[in-house]
Amino acid sequence: MYGKKKYKRISTRAKILLNQEEGFDVDFKKNTNLSGEDLVAFANSKNGGTILLGVDEKENKDGTQNGLVIGCDVSDGSKMAIVNKANQCIPHINISIHIENLNAKPFYRIEIPSSKNKPHCTQKGIYKTRGDGANKPLLPQELLRIYLDSESDNFLKNYSKATIEMRNELQSQHKNLIQNMWNSTFETQDNIQEAVSGIGTMLDDVHLQIEDSQSDLQSLVDEIKEETSELKQDLEITYDTKYKLKEVDKNIINVAWKLNSILEHLNLEDPEITYERDKYKAMLQYSRSSFEKHLPDKKFTEKEIKKHVQKIYDNANSIIKGNYKIEDLIEWYKGNEFLSK
């Protein structure tokens, strides 16, 4: 994704980065003194970024800035030091190390993608993200948002798995119901056809018996045959339609009953209620954890906790307000089930 591991000259990607100013996605450093904060800042950012080691910042006459290659140590020892820095972060950060310009002044290009396991912190528990040209601390609300995004992904995976299993079971039940409905329909059609065939046989017998009076009765026989044919069609259409409609109504009732039975058997509640409850639990618990971490000397009273939770409850959606009370949210705030995951 980021090219070869070693380049005799400067790669196209490195040239593009050298012509930019330091910003959200690129950082220049004169030597190999790379810190864990530099790595977690890019790993925690939305798009990740690149660090060029052995590159100084040069200011042009027009006031713009770009990178100036001065070179650095690219030995195995310096490379291992960079790898160790990434492994010391919590959790470990995946990076891609490339050596540029080997024929002249070699330097490192360190690619740090936006991590799927964020938030990351240093060994000392420092959380950073990338700003415009500098690393900046992760604010409590930003840290909370990252935690909630991560927990939402886990919840959606588990919910999707349960939904797929339930859908497959319902599809199997529905398939069996449709098959039974059609088998019954064809069986009834065979009975109707047999009855009509019997009527036709009776007419043939009458026709033979009155053969001597055929000139007088032929029109009557033809009329009876025509009416019988129309009756057959009417019987088939009317009975088939009514029967299928009746079976469809029965099918809908059976599917609804089986769906409720499956939900009770699997001990599942309404997925919307489950999702909203877990989302608010995670939000409340991570907000409490963030306050305790960043304001360790501040002790919140029950009154302050209720005031904080009340604001969240007042802005909650109808699902939360319709199924839970403010006391439930205060209990969620004090819980630890999401913090222990």
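**Exercise 1.** In this predicted model, R109 forms a salt bridge with E111, with the closest N and O atoms 2.8 Å apart. Determine whether R109 is buried or exposed, and whether E111 is buried or exposed.

*Solution.* Step 1: the cut-off for a buried residue is a relative accessible area under 20%. Step 2: R109 has a relative accessible area of 0%, so R109 is buried. Step 3: E111 has a relative accessible area of 1% and is therefore buried.

**Exercise 2.** State how K279 and E276 are placed in helix α6, and describe the exposure of K279 and of E276.

*Solution.* Step 1: K279 and E276 form a salt bridge whose closest N and O atoms are 3.3 Å apart. Step 2: the two residues lie 3 residues apart in helix α6 (residues 271–294), so about one helical turn separates them. Step 3: K279 is partly exposed, at 31% relative accessible area, whereas E276 is buried, at 10%. Step 4: turning to a network, salt bridges with shared partners join R13, E100, R109 and E111.

**Exercise 3.** Locate D62 with respect to β3 and β4, and name the surface patch to which D62 belongs.

*Solution.* Step 1: β3 (55–59) and β4 (65–69) are linked by the loop that holds D62. Step 2: these strands run antiparallel and are joined by 5 bridges, with V55 opposite V69 in β4. Step 3: β3 and β4 form a hairpin with 5 residues between them, and G63 in the turn has a positive phi of about 90 degrees. Step 4: D62 has a relative accessible area of 60% and is therefore exposed. Step 5: D62 belongs to a negative surface patch, formed with E21, E57, E59 and D132.

Conventions. Residues are numbered from 1 along each chain as its sequence is written. This is a predicted model: local features need pLDDT of at least 70, side-chain atom pairs count only at pLDDT 80 or more; totals for chains, interfaces and linings use all residues. Side-chain values use heavy atoms; hydrogens and water are left out. Patches are made of residues with over 30% relative accessible area and no salt bridge: like charges are joined within 9 Å, nonpolar side chains (Val, Leu, Ile, Met, Phe, Trp, Tyr) within 5 Å. Accessible areas come from the Shrake-Rupley method with a 1.4 Å probe; for residues, only the protein chains shown count as cover. A salt bridge is a side-chain nitrogen of Lys or Arg within 4 Å of a carboxyl oxygen of Asp or Glu. Lys and Arg count as positive and Asp and Glu as negative; His and the chain ends are not counted. The place of a charge is taken as NZ of Lys, CZ of Arg, CG of Asp or CD of Glu. Helices (H or I, at least four residues) and strands (E, at least two) are DSSP runs, numbered from the N terminus. Buried means under 20% relative accessible area, exposed over 50%, partly exposed in between (1.4 Å probe, protein chains only). Two strands pair if DSSP finds at least two bridges between them.
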